[in-house]
Amino acid sequence: MMTAPIISFKDFSFQYDSQTEPTLRHLNLDIYPGEKVLIAGPSGSGKSTLGRCLNGLIPQSYPGKMSGQVLINGQAIKTSTIFDLSMQVGTVLQDPDSQFVGLTVVEDMAFSLENDQQDQATMRTDTAKWAQTLELQDLLTHRPQELSGGQKQRVAMAGVLIDNSKILLFDEPLASLDPASGKASMALIDQLTHSEDLTVIIIEHRIEDVLQQPIDRLVVMQEGRIVANDQPEPILRQSLMAQLGLREPLYLSALLHAGIDLDNCDHLDQLSRLTVPNLTEKLQAWSADITLKAPIVHTEPLLTLTHLCFGYEPKHRIIDDLSLTLHRGEMISLVGQNGTGKSTLSNLITGFLTPQAGQLSFDGQNLAALSVKERADHIGYILQDPNQMLSKTLIFDEVAAGLVLRGLEPATIEKRVLATLKVCGLYEFRHWPISALSFGQKKRVTIAAILVLEPAMLILDEPTAGQDLQHYTEMMTFLTKINREQGMTIMLITHDMHLMLEYTDRTIVLGNGNVLMDDAPANVLTNDAIIEQASLAKTSLYTLAEQNQLNPTEFVAKFVQAEREAR
Amino acid sequence: MQHQLLIGYADRKTFLNRLSGSTKLLSFIGLSIIGMMTYDTRYLIGIMLFSLVIFHFSKIRYREISFVVSVIVGFSVLNLVMVYVFAPHYGVSIYGTEHLLLGSNQHYFNLTTEQLFYEFNLLLKYTFAVPLALIFLMTTNPSEFAASLNKIGLSYRVSYSVAIALRYIPDVQSDYRTISLAQQARGFEISKKAKFMTRVRGGIQILLPLIFSSLDRIEIISQAMELRRFGKGKHRSWYMAQKFKAADYLTLLVVAVLIVIGIALFHVNGGRFWNPFK
């Protein structure tokens with residue numbers, strides 16, 4: 001390329017004042033105008049730090065030692081303020097909810113213009129223009145609580161695009177969206193890149209989802225260094241992803257399972273254009289070679305819901321005449337669009353909410369008679385955000401708290417807590433303060449604090465959100481282990497299609513207040529109507545099977561079996 | 001979902017809604033100050049009637065405010081009782097005469113017409129101010145709130161933190177609910193079944209995670225605001241600010257006249273008190 005880079009890192013290192021080791025080490029990276037760049041890497045690889053250097057949060061909000069140079073549109077970040085940089089780089093934060101500053105959509109869009117002391121007429125023209133581009137016209141007077149995740153993200157984009165900045169930085173844009181909204185969001189970003197001449201930088205570890213739209217460059221980071229910086233295709237071809245602790249696209253894993261040499265493949269980064277010699281024959285041969293094992297069937301009913309009804313307002317029911325039976329020992333995924341009542345349903349089960357009609361029975365016992373505390377002895381509920389559950393300073397105390405409150409003997413408490421800590425892999429940390437733990441470890445402490453009460457069933461809300469492949473695998477291996485070894489019934493509430501496919505045996509799709517489908521995950525993810533209705537997304541496996549005249553359901557099931565065996 | 005504890009804004013389509021927030025804030029502050037200063041019973045009755053009439057026009061329904069009103073009534077009664085308990089002769093010292101109704105003038109606790117009259121004046125003050133406060137809060141769009149605070153001279157940073165607090169009340173409420181239920185599931189009994197001290201201890205268990213999650217929220221929101229240049233200039237403009245219209249000037253004029261009357265009465269009475277006992 002002949003043009004000058006719009007962003008340029010030259011031998012750049014950075015160390016936070018609060019840390020003993022540098023987070024970024026000798027980075028060299030040039031990004032050119034109009035490029036769409038994906039920055040990926042496991043947690044702690046420095047990818048978020050790199051983002052903070054671009055928008056000026058470093059050094060303004062996070063002081064530290066810098067060496068080398070970063071130029072953004074010719075401006076050195078060392079000598080620019082966060083305000084100068086915000087004219088160049090628009091940032092869309094991970095959680096669109098926390099980015100929402102205004103009381104209504106239109107005020108939020110106008111927020112930066114207000115700070116620039118623009119007059120009301122200009123603000124009205126500009127907000128109207130961007131509301132039209134991002135299809136927000138009908139939402140202008142709505143409050144953030146009334147918007148879906150995808151809508152909030154569009155508001156966040158409008159709020160930075162209104163500055164006409166030419167660089168747009170997305171920090172994990174997919175983290176809080178359901179699969180369908182995530183897909184729509186990626187398509188919108190791609191469209192804006194072209195229509196507004198933007199340079200787009202996406203920080204995300206869900207590579208397959210970002211690759212749904214073409215990407216010009218993939219930068220992979222590890223331990224503060226750039227370990228790969230190329231077009232996506234060569235990186236995928238060398239299978240670098242798996243080596244670097246990142247998740248490969250599913251279709252790529254399928255190709256590898258079928259023994260296909262990636263060197264012979266073209267357009268590896270775009271499934272729709274993928275060309276592999278004799279692909280169909282090879283996949284069919286692989287598929288014919290695998291016999292599906294009969295799934296393990298669980299038949300002992302544990303939790304039975306009959307004709308359950310609930311609504312915050314009497315006329316509008318969120319759960320409407322829902323009946324369902326969960327069996328002992330099952331590993332279940334509960335999926336559905338944001339706001340369809342997944343959390344409401346689990347709150348009804350745990351007694352956080354009281355149904356207006358219908359019955360819940362657990363192991364033959366009517367749950368209506370039990371308080372929240374008594375139900376917790378049978379059914380443990382783990383919130384998505386561990387910080388909402390942790391209330392002690394030491395790990396041991398946190399895990400022991402439930403038992404102490406139940407008035408058990410100190411000796412018994414100690415025995416049970418230590419045993420649980422061992423199961424959860426936290427035994428070595430037992431004297432640590434909770435504040436010293438990583439997000440994933442905190443999550444495990446909350447699970448331990450519930451497990452110690454010896455419930456027969458666990459409900460986990462997004463157990464793997466915000467965790468990279470390594471931590472994700474650890475967490476799921478652990479849950480699979482307690483499911484297998486202790487016969488624990490586990491229900492996972494999730495947006496992650498991969499999680500549902502690979503780790504659960506039964507998927508319950510919620511929609512319109514009722515169960516839309518209750519089947520094996522592979523069957524759910526190959527049912528077009530359900531995918532559409534519940535805002536799920538087709539996986540690339542489905543498309544791959546279809547393109548090669550294979551039965552998608554069977555192919556997906558075989559793939560899952562092969563993956564589980566390889567684990 | 002829950003009983004409405006907090007009073008809220010709604011567009012009730014009255015002329016009060018159409019007034020600019022600054023007008024309502026200035027009027028509220030102006031009338032409150034003069035009302036708090038004067039003890040002229042005639043004047044207090046006058047502005048009390050005025051505020052009740054305006055309140056009627058605001059179309060605020062009683063059930064929206066029943067909770068808040070009962071709290072205010074409770075505190076007012078308590079206050080009046082306490083005034084009597086601590087200073088049962090205050091009326092006598094103000095008005096300089098003593099008309100005994102109950103007890104003898106040797107006793108600490110006796111009842112005089114002067115004391116009753118003084119406390120009646122206090123009651124009037126509460127009654128006139130409450131409807132005005134409710135009108136201001138419930139007819140001013142929260143979005144305009146910050147703009148009007150800024151307009152009457154408060155720094156925009158402080159004004160905006162008020163708006164942000166309003167923006168986050170629902171989120172913090174739902175956080176509180178979630179945390180509280182999660183802690184109850186662990187075994188912290190905070191329902192009415194438990195003893196008082198246990199409930200207090202349970203409450204602290206909720207507070208800690210709530211404070212931490214709120215601090216996180218504040219950090220992220222302040223970064224989000226800086227990234228969009230909040231705090232860059234000495235001033236900022238407001239999308240929702242309303243220009244003054246004829247009705248605003250008229251309202252301010254009426255309020256000014258009322259205040260002038262109040263001040264004029266100071267001269268007529270030769271002080272803040274109107275004395276019917278002389």
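Between domain 1 of chain A and domain 3 of chain A the count of salt bridges is 0, a result that, like everything that follows, is computed from a predicted model. Polar contact is nevertheless present at this interface, where 2 residue pairs are found, both partners being at pLDDT 80 or more. On the side of domain 1 of chain A that touches domain 3 of chain A, the residues divide into 4 nonpolar, 5 polar and 1 charged.

To place this interface in the chain, it helps to turn to the domain assignment, which gives chain A a domain 1 covering 7-245, a domain 2 made up of 249-289 + 540-567, and a domain 3 covering 301-539. The centres of domain 1 of chain A and domain 3 of chain A, taken over C-alpha atoms, are separated by 33 Å. Where these two domains meet, 10 residues of domain 1 of chain A are in contact with 12 residues of domain 3 of chain A, and the area buried between them is about 970 Å², with carbon and sulfur atoms giving 53% of that area.

From the domains within one chain, the view can now move to the interface of the two chains. How many residues does each chain bring to the contact? Chain A contributes 62 residues and chain B contributes 52 residues, and the area buried between chain A and chain B is about 5,000 Å², of which 54% comes from carbon and sulfur atoms. Of the area that chain A buries against chain B, 13% is supplied by A:Phe83, A:Leu103 and A:Gln388, which is more than any other three residues supply.

Charged side chains also pair across the interface of chain A and chain B, where the rule finds 6 salt bridges. A salt bridge joins the side chains of B:Arg228 and A:Asp108, with a distance of 3.5 Å from N to O. In addition, 23 residue pairs are in polar contact between chain A and chain B, again with both residues at pLDDT 80 or more.

Which elements give two or more residues to the side of chain A that touches chain B? They are α3 (82-88), α4 (96-99), α5 (105-115), α6 (120-133), α7 (149-161), α15 (372-376), α16 (395-405) and α18 (439-451) of chain A. The largest share comes from α5(A), which provides 10 residues to this side. Sorted by class, the side of chain A that touches chain B has 30 nonpolar, 21 polar and 11 charged residues.

Key
Residues are numbered from 1 along each chain as its sequence is written. Chains are lettered from A and ligands numbered from 1 in the order in which they are written. This is a predicted model: local features need pLDDT of at least 70, side-chain atom pairs count only at pLDDT 80 or more; totals for chains, interfaces and linings use all residues. Side-chain values use heavy atoms; hydrogens and water are left out. Domain bounds come from an automatic or database domain assignment. Contact means heavy atoms within 4.5 Å. Buried area is the accessible area (1.4 Å probe) that two parts lose on being put together, summed over both. A salt bridge is a side-chain nitrogen of Lys or Arg within 4 Å of a carboxyl oxygen of Asp or Glu. A polar contact is a pair of N or O atoms within 3.5 Å; within protein, one must be able to donate a hydrogen and the other to accept it, and residues adjacent in sequence count only if both atoms are side-chain atoms. Ala, Val, Leu, Ile, Met, Phe, Trp, Tyr, Cys and Pro count as nonpolar, Asp, Glu, Lys and Arg as charged, and the others, Gly among them, as polar. Helices (H or I, at least four residues) and strands (E, at least two) are DSSP runs, numbered from the N terminus.
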